Structures are given as structure tokens and as C-alpha cells.
Amino acid sequence: NDKTMATHKKTRWGILGSGKIANDFVNAALHLQQEVEIAAVAARSLESAKEFASKYSIPKSYGSYEELASDSSLDVIYVSVLHPWHYSTVLMCLNHGRNVLCEKPITMNAKQLEHLIRVANEKGVFFMEAMWTRYFPYAKKIRELIQNGTLGEIKSFQASFGCAPAPHIPRLNDPDLGGGALLDIGIYTMSFSQMVFGGQYPSKIYASGLLKDGADHMDTIILDFGEGKRSIQHVSILAKGENTAVITGTKGWIVVNAPFHCSTGFTLNLIGEAKSIDKQVFDFPLPTIIQGHKFNFGNGIGMVHEIQYVGQLLREGKKESDLESLQESLDIMKILDEVRRQIGLTYPADSE
């Protein structure tokens, strides 16, 4: 039966880039051997690709991204290179007719993303931003509680995300490499905020930032959605913070456990009779890590949810994510562009 075959075939992935996040992605994928096959990897040098391939028993290694992009045996390519190179590598993959999952932030600005979306539509291929944590069970439950009216009307979202200074990682402080707080961690607060407000575009955007050597080290952002609805986000690479988030509605509020962007649970506080507070704790433990698998990023094993979801979308013939449309990714880039305009932050991509 052709149909049964089509639904049970393993998703064949190509991995573009062999850095830290690619390591985590492949480690997570290896927990899904029934449904996923890592078929090929490409790096800037064949040596790096072969080293990565031997580490994870990947059958094919390519010494150039172009070779991977032209491999028609792949169902989808995961683009994991640093964000200033997302645009050119994704464009190459799309032009070769490949389906693409691109690491977040999807591009450096809205202009780049508009072009990629147009090409993806012309080629009729699948394209999605790898906002991995949106596919976690806790995020799914939060959306459900918002959508079914449990919290009443959402009035505010507050999140702060602080990382300790990392002078030993030059990329983080180099705007030419997409460094700074906004695209590295601000993408998390912004994406979460847009999820909470159902993808609504803010009527007003206020931003203040601290720039050092052309990179933003701290940003405070307020999005005004009218009707007393606000999102307040603070991101910093000057000091590590607790990294929690609070969603407040007219009937109660949710405190998302740290780290809010890849959390394993939250507390729902509902206002009951005579102003009493009814607390409910929700826990969503991470999948068990198979011994010997090491992750570079906190809760990296949670990438399994995103990987499974992409497989499902591809089997259903979808061209984008049901939980973060390309329009929503574009809105997020447009908001970030406006934040940058207000704080005076530019990237080389802006003048290309």
C-alpha cells in the first residue's frame, strides 16, 4: 500500500553546518530512530563534515553547502550556520527545491525574509523557522489555556532574559556575526510574546538599548497592543538573570518556570471566590536522554518535539508550520527591525 509507506517512511534530514547547535539537533534526532534518519552533513570543509559524520554515523559528508543543497534524496535540510549566513544558505537550498528548517533567528532582517518566503512559495517547498521551544509540551499547554479563555483576556506578558558576559565567545559581541542581545536571546522573548498575543501586531513599539562597539548588550522593549495590553521584555548579555516569564489575564496569571524559553513547567494562578487564589502546577519533564548523548545547550533534548513536528508537517504535505506561520516569523523580524531603528543598531545585511 503506497499510502501506508508514505506515512511511515523515515524523514531523511540533511544537516547544513557542523557547529554546536547542529550537534544538539543530531543528538536529539538520534532519540527518534523510528521516524528520523540523518542522511547527510555539509560543512565548510570536507574534513569537518567527515569528522561530524563519523561521530554520529552519518552516511554522507559534503565539503560544501552547495553539494548538500543539490542532494535530491533528502526530505528536508536543517540550516544551522550562524544567522548572518542564514539568508544565503537558505536561498541556495530553496532554489534547489529543498524543504528547509532554518535555525532562529530566521534572517537578519525582514527584507531578507520577505525574499526567502517569496522564493519558497514560487518553488512550492516547505520553509520554517526552528523556534524549537514553541513545540515543547509546556508551550502547547500555555497556548491551550490562553485560547480556551482560562486566563480571561490577556493583558500583559513580562519576560527578562539575561546571560552572563561571555568575552571568550567573540561572536556574541560582534554585530557582523549577528552578536548582541537582540537576535541571540531577544528572539526568544519576542517569539514567546507573539505566541501569547496570538500573533497580533503591536500598535506601538518602544525600545531602549545599550550599544557597545556596535553591538547591543542590553535592550528593553515595550509592545503596546492597545486596550491595556502590553508586552515588556528585557534582554541582556551583561548579567545572568533568573529568566522567568509571567503571562497575566483578567482571570489569573501564569508564571513560567525558568528558563522560560525552554521550560519544563509553569504555575497557573486563577482568581477564585472572595479573591482566593487557586494554584495549579503543571510539569512537563524532558524526554529521557540516552546515555552518552551530550548537549551543548540547556534542555537541548527538547529539540525532539520540533523534529517530530516537522516530520508530521512534511507527511501532511504542509508548506509551513501551523504553530508559527512564515507571516508570524516575518512580523517578528519587522518588530525587531523597528527596535533596532530606535536603538541605532545596524547589521551589514541592512545595506545589502
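**View 1. R12 of β1 has E37 as its bridge partner in β2.** Strand β1 (residues 11-16) runs parallel to β2 (residues 36-42), and six bridges join them. Strands are DSSP runs of E, at least two residues long, numbered from the N terminus; helices are runs of H or I of at least four. This is a predicted model, where local features need pLDDT of at least 70, side-chain atom pairs count only at pLDDT 80 or more, and totals for chains, interfaces and linings use all residues. Residues are numbered from 1 along each chain as its sequence is written, and side-chain values use heavy atoms, without hydrogens or water.

**View 2. Six strands form an open sheet with parallel pairing.** The order is β3-β2-β1-β4-β5-β6. Strands pair if DSSP finds at least two bridges between them. β3 (60-62) and β6 (127-130) stand at the edges with a single partner strand each, so one side of each has no neighbour in the sheet.

**View 3. Strands β8 and β9 form a hairpin.** β8 (residues 204-212) and β9 (residues 215-224) run antiparallel, joined by nine bridges. S208 stands opposite T220 in β9. Two residues lie between the strands, and D213 takes a positive phi near 50°.

**View 4. The whole structure holds zero disulfides (cysteine sulfur pairs within 2.5 Å).** For C102, the nearest cysteine sulfur is that of C93, 9.1 Å away. C102 is buried (under 20% relative accessible area, 1.4 Å probe, protein chains only), at 0%. C163 is partly exposed (from 20% to 50%), at 25%. Why is C163 without a bond? The closest cysteine sulfur, in C262, is 11 Å away, too far for a bond.
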